[in-house]
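Visitor: I should like to go through this model with you, one topic at a time. Could we start once it is on display?

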Amino acid sequence: MITLHDLADTERLGRLIGNVATPGDVLVLTGELGAGKTTLTKGIALGLEIQQMIKSPTYTIIREYETGRLPLYHMDIYRVEGDTDELGLEEYFEGDGLAVVEWGQLLSEPPVDYVELVIEVLDHERTVSLTAHGQQSAAFVDRIMKEWQA
């Protein structure tokens, strides 16, 4: 469990995640509206050395950023109704970058190997829990936790 005291902590965690991400890593972000999912993704982009402004893909479903150390595939399926299998997201999950999916709990079928990152808002702090689903994601969580505790 990670405690975030403010937006700076959220961005710092994001940078750290971007720094330790490897090709094919998938991160599913879960949390209520306003929990900090997009702020975290902005930090991830900085950790991936992406200088472009990161915008929520709420209405476009996916935004691709290819200018960093690794490509960032930022998805938001909050407004997708029904079956998400027809969106073709699996090509991003198996791609050469980092896939970040906001509202990923709404996926009809989750990726084969992914990290679920849950942000919970408690008073003025946020807690983050990471759950690995697969071998690659277990290694990803290990890298994140090792760096966070350093």
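Visitor: How many salt bridges does the structure hold?
Guide: This is a predicted model. One bridge joins the side chains of Asp25 and Arg143, and Arg15 forms another with Glu11. The number of salt bridges in the structure is two.

Visitor: How far apart in sequence are the parts that Asp25 and Arg143 tie together?
Guide: The closest approach in this bridge is 2.9 Å, N to O. Asp25 lies in the loop between α1 and β2, whereas Arg143 belongs to helix α4, so the parts tied together are apart in sequence by 118 residues.

Visitor: Is Asp25 buried or exposed?
Guide: Its partner Arg143 has 25% relative accessibility and counts as partly exposed. The cut-off for burial is under 20% relative accessible area. Because the value for Asp25 is 2%, Asp25 is buried.

Visitor: Which helix holds both Arg15 and Glu11?
Guide: The closest N and O atoms of this pair are 3.6 Å apart. An α-helix has 3.6 residues a turn, so residues three or four places apart point the same way. Arg15 and Glu11 are four residues apart, about one turn, and both lie in helix α1.

Visitor: Which element gives the largest share of the largest nonpolar core?
Guide: This core has 31 residues, and Leu13, Ile44 and Leu72 are among those with the most contacts inside it. The elements that give two or more residues include α1, α2, β6 and α4. The largest share, five residues, comes from α4.

Conventions
Residues numbered from 1 in each chain as written. Predicted model: local features only at pLDDT ≥ 70, side-chain atom pairs only at ≥ 80, totals over all residues. Heavy atoms only, no water. Core = buried A, V, L, I, M, F, W, Y, C linked by side-chain atoms within 4.5 Å. Buried < 20%, exposed > 50% of the residue type's maximum accessible area, 1.4 Å probe, protein only. Salt bridge = Lys/Arg side-chain N within 4 Å of Asp/Glu carboxyl O.
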